[in-house]
Amino acid sequence: MKFSSAILPLLLAPFAAGEHTSNWAVLVSTSRFWFNYRHLANVLSLYRTVKRLGIPDSQIILMLPDDMACNPRNAFPGTVYNNADRALDLYGDNIEVDYRGYEVTVENFIRLMTDRVAEDMPRSKRLMTDERSNILVYMTGHGGNEFLKFQDAEEISAYDLADAFSQMWEKKRYHEILFMIDTCQANTMYSKFYSPNILATGSSEIDQSSYSHHADNDVGVAVIDRYTYYNLEFLETQVRDPTSKLTMGDLFDSYDEEKIHSHPGIRYDLFEGGEAVARSRLVMDFFGNVQNVEVDKGGVGNEAQWREELEAIERMIVEAKRRHNVTLNVQPQTQHVVEEGKPAQARQSLKKEGAMRVDEESGWSKQIVGAATLLGCAGLWFAGSWFESH
Amino acid sequence: MPPSEGADASSAPKEDAKPSPSSPPSLDAVRLRKQPPPEGRESLWRRRSAIFSFWAVVLCLGLPVWWKTTAIYRADLPLQDMTDWAEGKICKPVFPLRIAVEAPLPPQDAHHLLRTTQHALDDLNEFSAHHLRLMLADPPAPANASQQVVVDGTRNTSDDEDIALSIRLIPVETGATPRSHLQPYSPTLDVYYTPNQIPPPSSTGSPLATFIAHELHKIFAEEQAQLAYLLSTASGGHSSKMKSLSPETSAELQRQSTRALKYAPTYHLTFSLFTPTSTPSAWDIESALRQYVAPLLDSFSAISNFTVDTQVQLYATFSPSIRQPEYDEALKAWTLRKEDLSGFINAAEWPLSPSIGKGPTVNFVLYVPDKTQSPLLVKESGANSWLIPQWGGVAILNPTAPGKDAIVSASLTKEALGPAMHTFSNQLISLLGLPQMPSSLPLRISTLARVRAASLIFSASSTLGALAQVYQKLPSIPVPDSVAKSVDLALAHLQLACDRLREGRFQGALELARIAEGEAEKAFFERSMVGQVYFPDEHKVAVYLPLLGPVAVPLVMAALKELKSGLSALRGR
Amino acid sequence: MPLDQQKALLFGSAAAVRLLLFTAFPSLPNRLAGRVEVSTPVTSFKRLQEGLFLYTHNVSPYDGGVYHQAPLLLPLFSLLPNPSYYPFATSVLFTMVDLLSALALAQIAESGQSVVTRLFKSSRKDLRWSSVAIAAGFLFNPFTVATCIARSTSALTNLFILTAMAKASQGASFTFVLALSFASYLAMHPLLLFPPLLVLLYDARASKTKSAPSPFLFSVVHTLGLAAAVCALLFVSALLTGSWDFLAATYGVRLLLPDLTPNVGLWWYFFTEMFDSFREFFLGVFWLHVASYMPGLTIRLRKQPLFVATTLTGIFAIFTPYPSIADATLYLSLVPLFRHLFPLMRYTFLASASILYASFLGPAFYHLWIYAGSGNANFFYAITLVWSLGLSIIVGDSLYAALRDELDVERPELRGEEVKRI
């Protein structure tokens with residue numbers, strides 16, 4: 001008995017560590033222009049997959065710097081395909097792009113990750129994670145040794161990314177992160193990470209390019225990258241529904257360098273428990289939104305009692321309010337009076353708050369004031385010149 | 001770059017045009033050919049002052065501009081304090097609960113009963129941070145209460161609120177004694193006793209005192225467990241004096257905390273009606289909410305505020321990836337498998353995440369199945385509702401009997417919504433983290449207030465610690481003064497909240513901790529604190545040199561030449 | 001033909017040309033007002049109309065972030081009938097502004113300060129154009145005409161700068177201070193003209209009265225006068241708009257360059273490409289660069305203050321954040337005052353060729369970039385580089401010529417000889 005109670009916490013510990021309550025996905029393409037069609041197709045494919053596996057749109061941050069579907073060069077307007085068979089329109093009719101066009105910048109990406117956003121930022125554009133959230137971060141674009149280009153204009157370095165993740169860790173903004181990147185020399189991007197519980201994988205080693213899988217001759221450009229293609233192949237053919245028990249190890253084992261044409265890398269050392277634990281994580285821990293549902297006890301509870309309770313609560317509240325009012329009357333709240341006085345002394349200026357109708361001023365007072373000012377200036381001028389000429 | 005070329009172009013001709021006689025007679029090449037005539041004193045002075053004026057602009061204005069614009073402003077933060085808070089070195093939360101005892105006894109007897117009960121209580125308590133203190137309610141007034149009235153006029157009423165529980169001793173003649181009854185809607189414990197159970201002044205213990213102590217201990221057991229769990233998870237600093245929790249309790253508490261939403265000052269509740277067909281298309285939700293939910297929300301008003309919205313979605317289909325309901329002959333009902341419940345919510349198509357409102361959204365989904373698929377139940381348990389941790393609840397509203405069309409008519413009445421609302425309120429209670437025990441609602445709510453106050457203090461402290469870490473780790477991020485101000489406010493309010501806890505004024509502690517948490521969050525998420533994009537020093541050379549180089553060369557050359565001639569003039573003298 | 005008759009003819013024909021263009025091509029003003037070469041965010045007439053609309057509708061003209069010009073322009077233009085319906089009054093106003101500028105330019109020419117100052121007499125002092133010719137050069141300069149037709153408010157700034165120069169060369173202190181304060185109030189950077197023009201004023205006063213006033217007292221009085229005038233203008237503006245917000249919207253915009261609309265200057269492209277973290281630093285560097293010429297030139301060319309002021313207007317045309325052809329036209333009209341330096345200039349062909357090249361190709365490349373989509377920003381930027389190069393050649397070459405001219409006076413024996421830098 002003693003023994004069992006001593007060992008129980010030990011048994012519980014891994015269970016507790018594996019617990020997460022929400023899943024988020026940050027899917028980023030960093031390149032624009034038509035010939036980078038495949039990067040947007042990569043991201044949209046993954047978007048479709050995580051959505052299929054149950055992550056709601058409100059927990060997917062999709063960053064698309066360009067609109068391929070509406071590109072004038074697109075021979076199939078309004079669609080994006082990731083395969084030459086064009087069986088599946090990724091664009092569909094239910095795409096929620098959170099950051100688009102020139103909003104996709106390094107700064108906005110870092111702001112998103114660290115949640116340092118403006119006050120009026122809608123909730124759908126924020127990553128509202130906590131220490132119980134698993135995050136899938138997928139990035140694709142053109143990159144190099146320790147950097148990833150954003151929109152041909154700027155680049156994010158591996159250091160920036162590592163710092164952003166470390167800030168997230170400090171603020172307890174994630175439980176575990178799966179970082180996935182498909183770009184040239186991708187593995188360098190996660191080499192600078194130093195925060196715990198990040199499982200990172202990339203498409204290619206340093207000095208190695210990542211290649212596209214195939215082109216669609218009618219679309220006219222490559223439609224998907226190899227690494228992403230084979231990840232998707234696994235996710236689409238093996239992970240059929242949200243109850244899948246496949247592990248990340250299975251996914252990583254499916255990588256075939258012959259097919260991918262580069263050496264995908266996997267970084268386990270940041271993960272608590274190392275390789276073994278990381279490999280045992282379910283694919284659904286990152287790509288799906290597995291929630292532990294608690295089914296209520298069968299049968300309806302005692303409803304009559306509940307109604308009684310409600311009435312009693314109401315009485316209780318009425319009573320509490322009455323008491324509260326009494327105390328309010330006892331001590332007149334001087335503070336309120338002070339605060340009410342404030343708006344009255346708002347600045348008297350032309351600045352107006354809120355929406356309002358403006359009309360041309362009908363009176364002449366403004367013109368008269370203006371004319372007086374100008375006449376004053378002119379008068380000063382002529383007086384001065386008269387004075388000077390005499 | 002053109003501007004610098006321009007600078008060059010217009011300053012170089014000036015140097016150029018500085019007529020040959022103006023150059024000092026010290027250069028060898030010149031001496032070989034022809035000695036230029038000596039320069040006039042006036043032109044020499046003018047040339048030097050012109051060069052000097054350029055240098056003056058560079059040194060007096062350029063350097064400060066460079067210093068000012070390239071320096072990263074970092075306000076001073078009390079890093080040590082912040083780290084100490086995060087490590088739990090400054091505030092050890094304690095929860096002294098005051099329990100008033102109303103006893104119809106002579107004062108000395110009452111005092112004696114109190115003392116013995118307190119003794120028994122202290123013996124039972126294993127958790128030093130949480131202790132119950134008994135005191136006599138008026139009359140007679142406790143000695144320190146009158147003092148407090150003098151100190152602070154508001155004290156009288158807040159004192160009233162800060163009494164966690166009052167015990168009423170009621171002498172009875174019949175029935176088993178001692179026995180107790182906890183009133184469900186007020187924080188009052190009635191204890192029935194027979195007068196002969198009052199301990200004589202000489203005795204050191206009595207069954208009544210032990211009984212009361214045990215009752216109290218039972219009532220606050222869950223609260224103690226919750227607080228102990230909270231302290232153990234918050235940070236390492238507290239673990240030493242921890243009351244050890246049994247693994248079962250610990251697992252249960254873990255499950256509870258997984259289920260409950262994170263604390264927010266405002267929650268947004270969304271009640272949604274989904275149906276796969278066109279009926280029902282309306283529901284009497286407003287009055288149902290007013291009757292069934294509003295009282296509950298009101299009772300939470302001391303802890304959080306709520307905003308509510310509702311929606312009706314017709315033709316809502318399941319997501320294609322889950323298994324469709326199957327007909328179960330035994331249950332005579334359509335059933336959903338338990339593992340499919342997590343996919344029941346069609347996240348892709350059901351609009352369930354309004355981006356309105358400040359706080360987190362709690363979703364309550366009422367699903368009315370198609371007539372052909374009803375009743376719809378969960379296969380394993382036959383239940384028709386379930387809770388999704390940290391998200392909300394789902395209830396399936398089956399028409400009570402196929403014959404009764406009234407309930408699946410176009411509109412759902414308030415009465416029809418009753419059971420669902422009952423489910424939702426239960427779900428809301430557990431989502432908000434209200435403890436299951438004891439049975440008195442006010443007690444549970446005040447327990448929740450204490451737990452929330454403590455957890456807010458911890459989370460604000462940990463945010464401050466995170467900010468201190470980020471501040472030290474990332475020297476390239478700017479830190480404006482507003483952050484320092486927020487940090488100071490947060491620290492001050494944390495200290496106040498901690499003091500209030502110690503005094504046992506939990507409502508005040510909760511409010512202060514809420515402010516501290518808000519300020520700490522504001523400081524950490526300060527918008528301007530986005531680090532300069534990684535910029536190695538060698539890149540800086542590449543930025544400065546091409547632009548400033550061409551400007552600097554003529555300036556430096558001119559200055560050198562003047563220095564040289566000045567030196568040689570000195571030497572010649 | 002007597003001088004007055006010549007002048008009347010010149011002014012009459014210049015006014016006729018402008019009014020004819022205004023009336024015969026009603027769409028021309030608006031088309032020119034939309035050209036980035038003519039209208040910048042801080043001088044555009046379209047933006048002025050927007051500000052005017054807000055002003056007459058009792059909304060702060062600076063709400064909406066479109067209007068960045070001085071507040072006192074608003075009452076002036078609100079007195080005129082709405083230019084969308086009755087453009088004639090505005091046309092007349094801008095024509096008048098041009099004529100007054102030409103008048104001021106003629107006055108500068110007549111004062112002879114460009115060749116003979118109190119301390120300096122050019123050896124080629126007889127080589128000069130008449131004031132009518134110089135005014136004609138201003139009035140019939142196509143850049144001036146375009147500025148006038150586009151109704152850019154830099155025409156007003158130019159008027160006040162020229163008037164300030166004229167008054168300084170006539171030794172009229174009060175109106176000089178007033179004119180310069182107006183110019184500085186409208187465009188800020190003319191404030192840098194104050195030291196050289198103060199020297200000019202001092203010289204003019206000293207040679208007029210024969211007894212030189214105390215330089216220290218003189219400069220203190222005038223500096224205080226200028227400060228008072230500018231402060232008064234700012235104060236009136238604050239009264240008129242109801243708040244001090246206009247400072248950030250007008251001078252703040254000029255200083256900090258938030259609007260990166262292309263123009264003929266060098267800043268916009270540079271700051272679109274600049275790393276954000278260095279932006280403030282280089283704003284400081286660029287402004288200091290503009291300002292740094294003033295003290296050096298004023299000291300070095302103490303004897304020819306009008307030339308310093310002229311050169312500074314050239315530098316403004318190249319290096320200020322929002323230059324337009326209006327700034328270039330001011331400089332190019334002042335250069336003919338120094339006709340005597342022309343023989344000493346070495347790159348006149350290069351300079352005029354690049355100016356012409358830029359003025360023809362600039363609009364074409366802008367069209368390719370913005371409308372045809374077949375070019376990119378680099379096309380237009382390359383042309384603005386050529387334009388600035390042309391102007392800076394003139395600035396540098398004339399500076400060389402001026403110094404050479406000074407040398408010729410100091411050492412007549414070296415005249416005509418090749419100079420060599422040692």
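At 3% relative accessibility, Asp225(A) counts as buried, where buried denotes under 20% relative accessible area, exposed over 50% and partly exposed the range in between, evaluated with a 1.4 Å probe on protein chains only. Its partner in a salt bridge is Arg38(A), with the closest N and O atoms 2.9 Å apart; a salt bridge is taken as a side-chain nitrogen of Lys or Arg within 4 Å of a carboxyl oxygen of Asp or Glu. Because Arg38(A) belongs to helix α2 (residues 37-52) and Asp225(A) to strand β11 (residues 221-225) of chain A, the pair ties together parts that are 187 residues apart in sequence. Arg38(A) is likewise buried, its relative accessible area being 16%. Helices (H or I, at least four residues) and strands (E, at least two) are DSSP runs numbered from the N terminus.

The model is predicted, so that local features require pLDDT of at least 70 and side-chain atom pairs count only at pLDDT 80 or more, whereas totals for chains, interfaces and linings use all residues. Residues are numbered from 1 along each chain as its sequence is written, chains are lettered from A and ligands numbered from 1 in the order in which they are written, and side-chain values use heavy atoms, with hydrogens and water left out.

Helix α2 of chain A also takes part in a salt bridge between Glu236(A) and Arg52(A), whose closest N and O atoms lie 3.3 Å apart. Glu236(A) sits in helix α5 (residues 226-237) of chain A and Arg52(A) in helix α2, and this pair links parts of the chain 184 residues apart. Glu236(A) is partly exposed, with 24% relative accessibility. Chain A as a whole has 12 helices and 13 strands, and 50% of its 390 residues count as buried. Among the contacts in chain A with a separation of 6 or more, 73% are between residues 24 or more positions apart, a contact being heavy atoms within 4.5 Å. The chain exposes about 19,000 Å², of which carbon and sulfur atoms supply 54%, the areas coming from the Shrake-Rupley method with a 1.4 Å probe.

Over all chains, the count of salt bridges comes to 42. In chain C, Arg118(C) forms a salt bridge with Asp203(C), the closest N and O atoms being 3.3 Å apart. Arg118(C) lies in the loop between α5 (87-111) and α6 (131-139) of chain C and Asp203(C) in helix α10 (residues 194-209), so that 85 residues separate the two in sequence. Arg118(C) is partly exposed at 35% relative accessibility, whereas Asp203(C) is buried at 2%. Salt bridges with shared partners further join Arg124(C), Arg404(C), Asp405(C) and Asp408(C) into one network.

An unreviewed UniProt entry lists several transmembrane regions in chain C, including residues 127-152 and 216-240; UniProt annotations may be inferred rather than shown by experiment. In the model, residues 127-152 of chain C are 65% helix and 0% strand, with end C-alpha atoms 34 Å apart, while residues 216-240 of chain C are 100% helix, with end C-alpha atoms 36 Å apart. For chain B, the unreviewed UniProt entry places a transmembrane region at residues 50-67, and this segment is 100% helix and 0% strand, its end C-alpha atoms being 25 Å apart.

Elsewhere in chain B, helix α4 (residues 79-86) has as its buried residues Leu79(B), Met82(B), Thr83(B), Asp84(B) and Trp85(B), and the elements covering them include α13 (441-473) and α14 (481-503) of chain B. Just after this helix, Gly88(B) adopts a positive phi of about 75°.

Strand β14 (residues 392-396) of chain B has five of its five residues buried and is therefore largely enclosed by the rest of the structure. Gly392(B), Val394(B) and Ile396(B) point one way from the strand, and Gly393(B) and Ala395(B) the other way. Five bridges join β14(B) to strand β11 (residues 361-367) of chain B in parallel, with Phe364(B) as the bridge partner of Gly393(B); strands are regarded as paired if DSSP finds at least two bridges between them. Strand β13 (residues 385-388) of chain B is joined to β14(B) by four bridges and runs antiparallel to it, Ile388(B) being the bridge partner of Gly392(B). Three residues lie between the strands in the hairpin of β13(B) and β14(B), where Gln390(B) takes a positive phi near 60°.
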